[in-house]
Every structure is written in structure tokens, then in C-alpha cells.
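Colleague: I have just opened this model and would like to learn how its features get their names. Could you take me through the reasoning, term by term?

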Amino acid sequence: MASTRPPQSLKRSDTSLTREGDQLIITPLGAGNEVGRSCVYMSYKGKTILFDCGIHPAYSGMAALPYFDEIDPSTIDVLLVTHFHLDHAASLPYFLEKTTFKGPVFMTLATKAIYTLLLSDYVKVSKVSVEDMLYDEQDILRSMDKIEVIDFHQTLEVNGIRFWCYTAGHVLGAAMFMVDIAGVRVIYTGDYSREEDRHLRPAEIPQFSPDICIIESTYGVQLHQPRNMREKCFIDVIHSTISQGGRPSVVMASPSGLQSGLSRQLFEIWCSDKKNACVIPGNVVEGTLTKTIINEPKEVTLMNATPKLFPQRTVSRLRCISTLRRGWLKRPLKSVKLSAVYWLKQILESVESLPDEESEGPAFRVHERLTVKYESEKHISLHWRSDPISDMVSDSVMALVLNISCEIPKVFVESEEATKTEENSKKEEKVVHALLVSLLRDVKFGENGELVISVDGNVGHLDKQSGTVESENEGLKERVRVAF
């Protein structure tokens, strides 16, 4: 609630400029260009809806709330909550008990059942003063009486607003809401997953096409690797940790960025021993401890505000959307040292060696985004800060290292290099093809030496000499261009 702007824009107005509510307004009160405190306001034809009511896990007190001061809660007709995670539901007791909102709240039965348990635990482990507490356990219990349950595919109507929900995958009870106001359909997905899970069905594809889609997009520009590859990566980290003397206890932390609770206490006890590992899957939220440690700091601040040394190799980052995201990876390879540096310079061009004193051993930077370090003759590690471009570079480097011939390239004198140009060109072409296959999957050789890339029914043609991409789909065109 850090906003200081006057909350006039989202309140109902009788002016003729809106033509009696014909303008459909969608405004994120939270989770707009950030992860945390999901809360989306929508109004149309004089009807208003609030989707989700979360908190930002990196903040406490009023600062963690969505921007409720931008709206008049008493004008909201209905509040729909997609699932029980804190960043989607944890400000609900505050909104129900301490604002002027009087409308109904709907969520699925599973969401309601877990909501009360999760929020009660959230109140217990929150390290804030009584004055900064948003609500207490009594507020949670009172809010339960105001929450109504909706079944999947059940259609309900409140004040002329029709709505129903579909399974969203993600977690037990998660729902995607389809809303119909005067024939205009809007779907709000919340967090969803189209992946088949061990205990959940994937998100459904609605039988009705919406006019507007409000969609969760944390991993909107990234691809998921197969589950078996991610599971193997996770198991490898566990085995590696145990084999080097780390603790065999595996503690699954709650989804709040190690901000508090038992997982935070155990982390503070174990983190100073570099033999232990902290595995961070998926996305991390700005301002949380996980966001801090993923950058591998030399020390971390404990809950009692004292600093503590933090060995860099305590962190291992698993990518939910690929084999690895950021952090460090050790993978056995056969004599990677010379062949890796040779091919990286040949294919990626912008490769700069780092001084030993800066990197504590042989290392080099790729495109000023990623650091490759030699851990031993058979191990290398990759380090980078996560963003779409850096993730693409890291995927390219990893694909290169895992696909190149591990034989040490021969060194030719100048007079011999000319005779080997064609041979080297063929090798480079194979490496480029292997890289693109690892990133884009369906890549075939076409006429005149071009590459034909197919993704989700869209086709692109890549000229390897000029780097020109031809495709009717602009999204695929840009994706292939960046990958190449």
C-alpha cells in the first residue's frame, strides 16, 4: 500500500465519457510487472470484479498488500480467488474484515480447505510487530464464513455477472475463471500448468473462446524441459550433496522465499557449510531471501540482523522451464577444457578470458552475460543472472558443451588452415544445427542450405549465412533470430 496517487481513476463514474460503463477496464492492483500480491480489478457495464487477493512475500505489513487504495471496495460485486498460495489469497482476511467490501467470495472447496491452514501458519511464522500485523487468526476464521464454494464447470450468477471455472493444474484446487458480462467473455487464469502432474490433471482448454484473456506469464517466453530431465537433475544434486558429505536430510521449504518459518531456521544453521546444498526450483521473488542467495553473495543476513558467511557453492538452481536456470552446475565431461573454449570462440564469438585472480581459476565470459569456470579437467560450471536473453545464451553454451566432440582440436599452421576451411565449416554447421535443435526442437535442412524450423504449426526459414529469418509468424521469426 505504498501508493500516494489519488484513487479516483478506478471508482465508478457517471460521466458521459464512459457511455454508461461501455469501456471495459482491467487494472492490476498487484502482480503487474512483478511476481507477488496478485490482484486484478475489472469493470464493465457497471459491474465490477476482483480476481485474487494476495500479498507480496518480500514485504510486511501494509506494504505487502495490493493497491487497495486505488478502488472503492464497496462497489465490487464479486471476488474470485484462483488458488491458496499466499501471493494469490493471503490478503483476503484483511480485505473481508477491514475494508468496506460486502460482496461474495468464491473459490473451490480444496482451495478453501487449504487456505485456512496456510494462512494460520503464515500468521504464526510472520516476524512482525503486533502493529504491523494485517490480521490475526480470528480474522481468518471470520473470513471463512464469508467464503462460498464453487465446483469446476458449475455456472453461477451474481448481480448479472455469470462465471464458471476450469481446472488449472498448478496446485490442488487451482481454478481458472471464465466471466461473462453482457455477452463479453473474459478468462482469468491465475497460475496454471498444462503439464501432466503425478497428482493433478493439467489445465483445461476452455470450450468457449474468450474475448479477453488475463494470463499468468512468469515463464511466458521460456520452454519447459521434459519432467524426467528435471527430476534427474534434482536427484543428481541430492546425490552430489550427500557424496561430498552434506546432510542427507531433504527439507522442502514452503513457497514464501525462505522468509520465515522452520525452513528459514534450518537454512541459517546449515548454510555456512559448503558441503550442504540449497536447491531453488522455479521463479524467485524480488526482495526475498531466495532472490538474494541465488546471486551467490559472500554473506547473508540472518533473521536477527547479523551477517553470516555464505559459501558460493551452497546454491544449486533447478530450472522449471529448462534443465538449469542460474546458479552452478557440475556435470562430468570428457576433457572439456580445450575443446569447449575452442568451439565457444568459433560459434559464439564474444568470449573473453578472465584473470585467474578474479575467478579463482581458469574461466571466461560469454557475451558479457555468462561465466564458464573450470572446476576440474572433467567438470565445468556455468554462472549467470536470469533473464530471457541470458537464459538463451546459457542454453546455447550448455547445448554446445554437451554436443561437441570432446576430442581436443588440432592446431594448424597458417599454410594448412586454408585446406581445412571446408572441414571446419562442416563441423561448425553440425554444431549450429545441434544448438538450434536443443532450443527449438524441430529443425531440418531445407533447400539451398537453409534451415527449416517448425514450432506449434508455424514455420520459419533461416539463412545461415546472413542470419535472415523468413516466417509469417512474427513471434517465431524473432525467436529464431535471437536463438541464432
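Modeller: Here we go through the terms one at a time, with values and cut-offs side by side.

Colleague: What kind of model is this, and what are its ground rules?
Modeller: This is a predicted model, in which local features need pLDDT of at least 70 and side-chain atom pairs count only at pLDDT 80 or more, while totals for chains, interfaces and linings use all residues. Residues are numbered from 1 along each chain as its sequence is written, and side-chain values use heavy atoms, with hydrogens and water left out.

Colleague: How many helices and strands does the protein have?
Modeller: The count is 12 helices and 24 strands. Both are DSSP runs numbered from the N terminus: H or I over at least four residues for a helix, E over at least two for a strand.

Colleague: What makes a residue buried, partly exposed or exposed?
Modeller: Buried means under 20% relative accessible area, exposed means over 50%, and partly exposed lies in between, using a 1.4 Å probe and protein chains only. Of the 484 residues of the protein, 45% count as buried.

Colleague: Let's try that on one residue. Why is Asp 191 called buried?
Modeller: Its relative accessible area is 13%, and the limit is under 20%, so Asp 191 qualifies as buried. You will find Asp 191 in the loop between β10 (184–188) and β11 (212–214).

Colleague: Which side chains have a polar contact with Asp 191?
Modeller: Asp 191 pairs with His 83 at 3.5 Å and with His 88 at 3.1 Å. A polar contact is a pair of N or O atoms within 3.5 Å; within protein, one must be able to donate a hydrogen and the other to accept it, and residues adjacent in sequence count only if both atoms are side-chain atoms. Leaving aside neighbours within four places in sequence, Asp 191 is also in contact (heavy atoms within 4.5 Å) with residues including Asp 87, Ala 168, His 170 and Glu 216.

Colleague: Why is the pair Lys 45 and Asp 22 called a salt bridge?
Modeller: A salt bridge needs a side-chain nitrogen of Lys or Arg within 4 Å of a carboxyl oxygen of Asp or Glu. The N to O distance between Lys 45 and Asp 22 is 2.8 Å, so this pair meets the rule. Lys 45 sits in the loop between β2 (39–44) and β3 (47–51), and Asp 22 in the segment before β1 (25–30), so this pair, 23 residues apart, links distant parts of the chain. Both are partly exposed, Lys 45 at 36% and Asp 22 at 30%.

Colleague: What separates Asp 236 and Lys 232 along the chain?
Modeller: They are four residues apart in helix α5 (residues 227–243), or about one helical turn. An α-helix has 3.6 residues a turn, so residues three or four places apart point the same way. The closest N and O atoms of Asp 236 and Lys 232 are 2.9 Å apart, which makes the pair a salt bridge. Asp 236 is partly exposed at 36%, while Lys 232 is exposed at 52%. Elsewhere, salt bridges that share partners join Glu 97, Lys 98, Asp 139, Arg 142 and Lys 146 into one network.

Colleague: How do you know where the buried residues of helix α4 lie around its axis?
Modeller: In α4 (residues 137–144), Asp 139, Ile 140, Ser 143 and Met 144 are buried. They cover an arc of only 145 degrees, which puts them on the same side of α4; the arc is that of the directions from the helix axis to the C-beta atoms. These buried residues pack against α2 (92–98), α3 (109–125) and β6 (147–149).

Colleague: What makes a nonpolar core, and which residues touch the most other members of the largest one?
Modeller: A nonpolar core is a set of buried Ala, Val, Leu, Ile, Met, Phe, Trp, Tyr and Cys residues joined through side-chain atoms within 4.5 Å. The largest has 32 residues, with Leu 50, Leu 79, Leu 92 and Tyr 135 touching the most other members. A second, separate core of 22 residues includes Val 40, Val 78, Ile 150 and Val 158.

Colleague: And how many disulfides are there?
Modeller: Zero; a disulfide would need a pair of cysteine sulfur atoms within 2.5 Å. Cys 165 is buried at 0%, and Cys 233 is buried at 9%.
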